[in-house]
Each structure stands twice: as structure tokens, then as C-alpha cells.
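Q: Could you take a close look at the sheet in this model and walk me through what sits around it? Keep it relaxed, but give me the numbers.

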Amino acid sequence: MMPLSKFKVKLVLSALAIILVISGAGKVVAAAELVLFETLGCEWCEQWNENIGVIYAKTAEGKFAPLRRVEIANEPPADLKHLRAAAFTPTFVVIDQGREVGRIIGHPGDDFFWPLLTQILKKVGFKEETNDLQKNAQK
């Protein structure tokens with residue numbers, strides 16, 4: 001049996017890479033997300049938006065589970081119809097690969113929100129780190 005030349009090895013590897021891309025094997029699995037069910041005029045939603053919402057995307061939690069907003073007065077998006085409906089606002093639901101991992105009903109205040117969210121996110125591999133943004137939001 002004759003050894004493969006470097007060119008043939010590169011050709012075979014390139015072909016395999018193309019097959020993987022075409023077959024979808026190289027797709028990135030959907031990451032966790034934090035779905036915020038809210039409604040217009042909700043005082044607690046506004047408080048969360050003012051104290052946490054403005055910094056959330058910059059935190060480790062926000063990078064791990066980006067925020068997605070859903071207005072409960074509207075029909076839920078197709079990919080969220082399987083979830084139990086949110087009866088109160090705000091309701092925060094952590095979704096990972098299409099399944100609900102946990103939820104926080106209402107806004108318990110800045111001091112309680114972060115630990116509750118972290119506890120849920122740890123179920124899907126989040127590594128806890130308190131940062132200055134969170135510390136400042138809690139003051």
C-alpha cells in the first residue's frame with residue numbers, strides 16, 4: 001500500500017470538512033437564553049429594566065444567557081409555545097436547547113435576582129463570577 005502524499009491528505013481533509021458543513025454537523029448548538037416575559041406598564045418590569053436590564057448584557061450571566069424579551073399580550077413566538085404561560089410579569093425563564101431549565105416569577109429585587117438566576121444557570125454549566133456591574137447594581 002502506497003503512503004498518501006501531503007496533497008492527498010489535505011484533499012481528503014478538505015472534503016471531510018465540506019461534508020461536515022453541508023451535513024450540519026458543524027452547527028453551533030443553541031446556547032442558553034433568558035426570556036423575559038413582560039407587559040407594558042408593569043412597575044416591576046420597569047424597575048428591573050432600570051436596575052438590571054441596562055447592565056445585563058455586559059455581565060457574565062448576560063453573555064452566557066442573552067436576554068430575549070417577549071410581550072405577554074402578544075402571541076408567543078413559535079419556539080416558546082410549549083412553555084407554561086407566564087401569568088405574572090416580569091417572569092424570567094431560562095431556556096437551554098429549547099427546554100425550560102428554571103424560572104423566576106416576579107422581580108425579587110436586585111439582591112435576590114442575581115443569586116436566583118445564577119442557581120438556575122449553573123444547571124446548564126454556568127460558572128459563577130460576581131463582577132463590579134452586579135455589585136454596583138445591588139447598591
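**The sheet and its surroundings**

A: Let's start with one pair of strands: strand 1, residues 33–38, runs parallel to strand 2, and 5 bridges link the two. One of the residues involved is Glu-38, whose bridge partner in strand 2 is Glu-71. Keep in mind that this is a predicted model.

Now for what packs on those strands. Helix 2, covering residues 43–56, lies across strand 1, strand 2 and strand 3 (91–96), and its direction is at about 155 degrees to strand 1. Helix 4 (residues 110–121) also packs on the sheet, where it touches strand 1, strand 3 and strand 4. Against strand 4, the direction of helix 4 makes an angle of about 165 degrees.

Zooming out to the whole sheet, 4 strands make it up, in the order 2-1-3-4. The sheet is open and its pairing is mixed. Strand 2 (67–71) and strand 4 (99–105) are the edge strands, each with pairing on one side only. From one strand to the next, the twist averages 25 degrees.

The loops of the sheet have a couple of backbone details you may want to check. Between strand 2 and strand 3, the loop holds Pro-90, and the peptide bond leading into Pro-90 from Thr-89 is cis, with omega near -5 degrees. Further along, Gln-97 is in the loop between strand 3 and strand 4. Gln-97 isn't a glycine, yet its phi is positive, near 50 degrees.

Next, the disulfide. The structure holds 1 of them, formed by Cys-42 and Cys-45 with their sulfur atoms 2.5 Å apart. The torsion about the S-S bond of Cys-42 and Cys-45 comes out at about 80 degrees, so this disulfide is right-handed. Cys-45 also falls within the residue range of helix 2, 43–56.

Last stop, the pocket. About 160 Å³ of space lies in the largest one. Its lining includes Phe-37 and Val-70, and those two numbers fall within strand 1 (33–38) and strand 2 (67–71). The rest of the lining is Ile-72, Asn-74, Pro-76, Leu-80, Lys-81, Leu-83, Arg-84, Ala-85 and Ala-86. Sorted by class, the lining of this pocket has 8 nonpolar residues, 1 polar and 2 charged.

Definitions and conventions: Residues are numbered from 1 along each chain as its sequence is written. This is a predicted model: local features need pLDDT of at least 70, side-chain atom pairs count only at pLDDT 80 or more; totals for chains, interfaces and linings use all residues. Side-chain values use heavy atoms; hydrogens and water are left out. Two strands pair if DSSP finds at least two bridges between them. Axes are lines fitted to C-alpha atoms, for helices over the stretch in contact, and angles run from 0 to 180 degrees between N-to-C directions. Contact means heavy atoms within 4.5 Å. On a 1 Å grid over the protein atoms alone, a cavity is a set of points where a 1.4 Å probe fits but cannot get out, and a pocket is an open set with protein on both sides within 12 Å along at least five of seven lines; lining residues have an atom within 4 Å of a point. Grid points are joined across faces, edges and corners, and a volume is the space filled by probe spheres set on the points. Ala, Val, Leu, Ile, Met, Phe, Trp, Tyr, Cys and Pro count as nonpolar, Asp, Glu, Lys and Arg as charged, and the others, Gly among them, as polar. A disulfide is a pair of cysteine sulfur atoms within 2.5 Å.
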